[in-house]
Amino acid sequence: MLGYIRLEILRLVRNGGYLMMSLIMPVGLYVTLAGGGPDQESLVRAMVGAAAFGALGVVITNGTGIAEDRALGWLRQLRLTPLSPVQVVIARGAVATCLGILPIVVIGLIGKFYRGVDLSPGTWLEIFLLLWVGIAPLAMLGIGIGYLFKAQLAQIAGTVSYLTLTLLGGLMMPTDTLPQWLQPLSKETPVYRYAQLSWDAAANSAPSGTGLGVLALWTALLAAFAAFAYRRGGRRA
C-alpha cells in the first residue's frame, strides 16, 4: 500500500498546475474579502476558516481526478493488484490529505505575515496538524464521489458539496448568520466540527467531546461510502 501511496503522490506532484489552481480561490477570498479583524480572535477565526476552505476544496475536487482516472481504466488496473478496497480507499485518503497541506501552509503564512495573526509556535503547530489530519473524513467524501460518478457528474457533485458544506460549516461567515432553523443542523456537519478543532486550539480550549464524536461518526460513515463507491465503480469498470 505504501508503494501505491508513493505512486499517487508522484503523479500529483507532476501535475503542478492542478496544485496551483487549488490555491487561487481560497487565497483570493482570504486576501480580499474574508481576512477578519481587527481583533486577534476575529483574525484567527478568519484564517482557520480560509485554510479549512482551501483544504476542503482540494480534497473534494480530487474526486473529479479520480473519476477521470476511472474512465481511463486506472481502476481496472488497481483491481488486478492485491490491494483490497479498504486499502485503496485508505491510500487515496492519505494522498488527498497531503493535497490539503499546500493551502493550509500558504494561508497560514499569509495570516502570519500579512494579516498579523499572532500565535505561539506550539499553537501554530497544533492548528496545522488539526487542519491537516482533520480533513480525512472530507477526503473520503471526495473519493466516494470520484468512484461513484462519471467525471462530469463528479465535478458537479463535488462543487455542490463544496459550496454547501462551506456555507453550513461556517467557514466564511459565522453560523449564527444562518436562518435559525438551520443553525442546529450546521453544528452536526463534519466541516463545522473540523474547523472547530482549530478554533478551540487557537483559544487554548480543550477540544469538544461532542465535536470529536460527531467528526468520528462522519469519518466512519464517509469511509464506508468511499469503500462502497469503489466496489460499485469497480463492477462498472
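**Entry 1: A139**

I started with A139 and found it in helix α8, which covers residues 136-148. The model is a predicted one. Is A139 buried or exposed? I read its relative accessibility as 0%, so A139 counts as buried. The cut-off for buried is under 20%.

Next I looked up what A139 touches. Leaving out residues up to four places away in sequence, I listed V59, G93, A96 and T97. I also took a distance from A139 to M173. These two are 34 residues apart along the chain, and their C-alpha atoms are separated by 23 Å.

**Entry 2: helix α5**

G93, A96 and T97 led me to α5, since α5 spans residues 85-99. I noted 15 residues in helix α5. From first C-alpha to last, α5 reaches 21 Å. That is close to the 21 Å expected at 1.5 Å a residue.

Which residues of α5 are buried? I wrote down V88, V89, A91, R92, G93, V95, A96, T97 and L99. The A139 partners G93, A96 and T97 are among these buried residues.

**Entry 3: the loop between α9 and α10**

I moved to T175. Its place is in the loop between α9 (151-169) and α10 (183-186). T175 has 7% relative accessibility, so it counts as buried. Setting aside neighbours within four places in sequence, I found T175 in contact with L168, G169, G170, Q183, S186, K187 and Y192.

M173 is found in the loop between α9 and α10 too. Its relative accessible area is 43%, so I logged M173 as partly exposed. Then I checked M173 against G49. They are 124 residues apart along the chain, yet their C-alpha atoms are separated by 8.5 Å.

**Entry 4: aromatic pairs**

How many aromatic pairs does a search of the whole structure find? I got four. One of them is F128 with W132, a tilted pair. I noted 5.9 Å centre to centre and 35 degrees between the planes.

Why are F128 and W132 separated by about one helical turn? Because they are four residues apart in helix α7, residues 121-133. I then checked how covered each one is. F128 is at 23% relative accessibility, so it counts as partly exposed. W132 is at 26%, so it counts as partly exposed as well.

Y192 and W199 form another aromatic pair, and this one is edge-to-face. Its centres are 6.2 Å apart, with 65 degrees between the planes. Both Y192 and W199 are buried. I had already met Y192 as a contact of T175.

**Entry 5: charges over rings**

I looked for charges over rings. R45 lies over the face of W199, at 3.8 Å from the ring centre. W199 therefore has an entry as a partner of Y192 and one as the ring under R45. The charged end of R115 sits over the ring of Y30, 5.9 Å from its centre.

**Entry 6: the nonpolar core**

Which residues have the most contacts inside the largest nonpolar core? I listed L56, L131, Y147 and Y194. This core has 57 residues. Helix α3 (residues 40-71) gives the most to it, with 14 residues. In soluble globular proteins, nonpolar side chains tend to be buried together.

I followed up on Y194. Neighbours within four places in sequence aside, Y194 is in contact with A52, A55, I104, L130, L131, G134, I135 and L215. L131 in that list is also one of the residues with the most contacts inside the core.

**Entry 7: N204**

I looked up N204 next. Its place is in the loop between α11 (190-202) and α12 (209-236). Is N204 buried or exposed? N204 has a relative accessible area of 66%, so it is exposed. The cut-off for exposed is over 50%. I also noted its phi, which is near 60 degrees. That is a positive value in a residue other than glycine.

**Entry 8: the whole protein**

Last, I stepped back. I counted 12 helices and zero strands. The radius of gyration is 18 Å, close to the 18 Å that the globule rule gives for 237 residues, so the protein is as compact as a globular protein of that length.

I noted a box of roughly 55 × 40 × 30 Å for the C-alpha atoms, taken along the principal axes. Buried residues make up 48% of the 237 residues. I ended on contacts with a separation of 6 or more. Residues 24 or more positions apart account for 79% of them.

How values were computed:
Residues are numbered from 1 along each chain as its sequence is written. This is a predicted model: local features need pLDDT of at least 70, side-chain atom pairs count only at pLDDT 80 or more; totals for chains, interfaces and linings use all residues. Side-chain values use heavy atoms; hydrogens and water are left out. Helices (H or I, at least four residues) and strands (E, at least two) are DSSP runs, numbered from the N terminus. Buried means under 20% relative accessible area, exposed over 50%, partly exposed in between (1.4 Å probe, protein chains only). Contact means heavy atoms within 4.5 Å. The expected span of a helix is 1.5 Å times one less than its number of residues. Rings of Phe, Tyr and Trp (its six-membered ring) pair if their centres lie within 6.5 Å; planes under 30 degrees apart count as stacked, over 60 as edge-to-face and the rest as tilted. A charge sits over a ring if NZ of Lys or CZ of Arg is within 6 Å of the ring centre and within 35 degrees of the ring normal. A nonpolar core is a set of buried Ala, Val, Leu, Ile, Met, Phe, Trp, Tyr and Cys residues joined through side-chain atoms within 4.5 Å. The radius of gyration is taken over C-alpha atoms; the globule rule is 2.2 Å times the number of residues to the power 0.38.
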